[in-house]
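This text walks through a protein structure by way of its cysteines and the strands that hold them. Please look over the sequence and the fold before reading on.

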Amino acid sequence: EVKLVESGGGSVEAGGSLTLSCTISGDIDSNACVTWFRQPPGKEREGVAALNIGGGAPFYPNSAVRGRFTVSRDKARNTVDLRINNLNPEDAGEYYCAANWRGMQRYCPPLQTVNFYYWGQGTQVTVVS
């Protein structure tokens with residue numbers, strides 16, 4: 001059984017930085033993909049970062065976050081972290097960690113909610129202008 005728990009959310013001034021953590025318990029091996037989604041108020045959940053535990057460069061599908069979002073794994077803490085720099089009001093929302101297995105695929109599946117089975121409960125990010 002895989003369990004994901006997000007932490008690190010809070011209220012941050014625009015232009016500031018924040019690091020979210022997804023603490024993973026259970027069997028996550030090199031076949032896993034761990035991702036971050038966000039859901040702005042009143043909008044659909046969108047994928048913002050994906051990390052292939054088996055290796056390879058992280059993936060950021062949204063051009064608005066590239067260069068500001070960094071996803072990484074901390075093996076010692078058993079976390080996958082999302083560092084967000086230069087926060088703007090459009091970054092506000094509930095952030096979720098999600099995971100699934102790649103199976104026979106080389107890359108992580110497309111960042112759509114239906115492709116990920118394990119989810120955390122979310123952590124809220126508020127950006128103050």
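In this predicted model, Cys 22 and Cys 97 form a disulfide, with 2.0 Å between their sulfur atoms. Cys 22 belongs to strand β3 (residues 18–25) and Cys 97 to strand β8, so the bond ties together parts that lie 75 residues apart in sequence. The torsion about the S-S bond of Cys 22 and Cys 97 is about -70 degrees, so this disulfide is left-handed. Cys 22 and Cys 97 are both buried.

A disulfide joins the sulfur atoms of two cysteines by a covalent bond. By the distance rule used here, the count comes to 2 disulfides. The other pair is Cys 33 and Cys 108, whose sulfur atoms are 2.0 Å apart. Cys 33 lies in strand β4, while Cys 108 lies in the loop between β8 and β9, so this pair also ties together parts that are 75 residues apart in sequence. The link of Cys 33 and Cys 108 is left-handed, with -105 degrees about the S-S bond. When the bonded cysteines of the protein are numbered in sequence order, the pairing reads 1-3, 2-4.

Why does Cys 33 count as buried? Its relative accessible area is 0%, and buried means under 20%.

The next point is strand β8, the strand that holds Cys 97. How many of the 9 residues of strand β8 are buried? In β8, which covers residues 93–101, 8 of the 9 residues are buried, so the strand is largely enclosed by the rest of the structure.

Which strands, then, are joined to β8 by bridges? Strand β4 (residues 32–39) is joined to β8 by 8 bridges, and the two run antiparallel. Cys 33, the β4 cysteine that is bonded to Cys 108, stands opposite Asn 100 in β8.

Strand β10 (residues 123–128) is joined to β8 by 3 bridges, again in an antiparallel arrangement. Here Gly 93 stands opposite Val 125 in β10. Strand β9 (residues 118–119) is joined to β8 by 2 bridges, and these two strands run antiparallel as well. In this pairing, Ala 98 stands opposite Trp 119 in β9.

Taken together, β8 has bridges to β4, to β10 and to β9, and the disulfide of Cys 22 and Cys 97 links β8 to β3. The disulfide of Cys 33 and Cys 108 runs from β4 to the loop between β8 and β9.

Terms used. Residues are numbered from 1 along each chain as its sequence is written. This is a predicted model: local features need pLDDT of at least 70, side-chain atom pairs count only at pLDDT 80 or more; totals for chains, interfaces and linings use all residues. Side-chain values use heavy atoms; hydrogens and water are left out. Buried means under 20% relative accessible area, exposed over 50%, partly exposed in between (1.4 Å probe, protein chains only). Helices (H or I, at least four residues) and strands (E, at least two) are DSSP runs, numbered from the N terminus. Two strands pair if DSSP finds at least two bridges between them. A disulfide is a pair of cysteine sulfur atoms within 2.5 Å.
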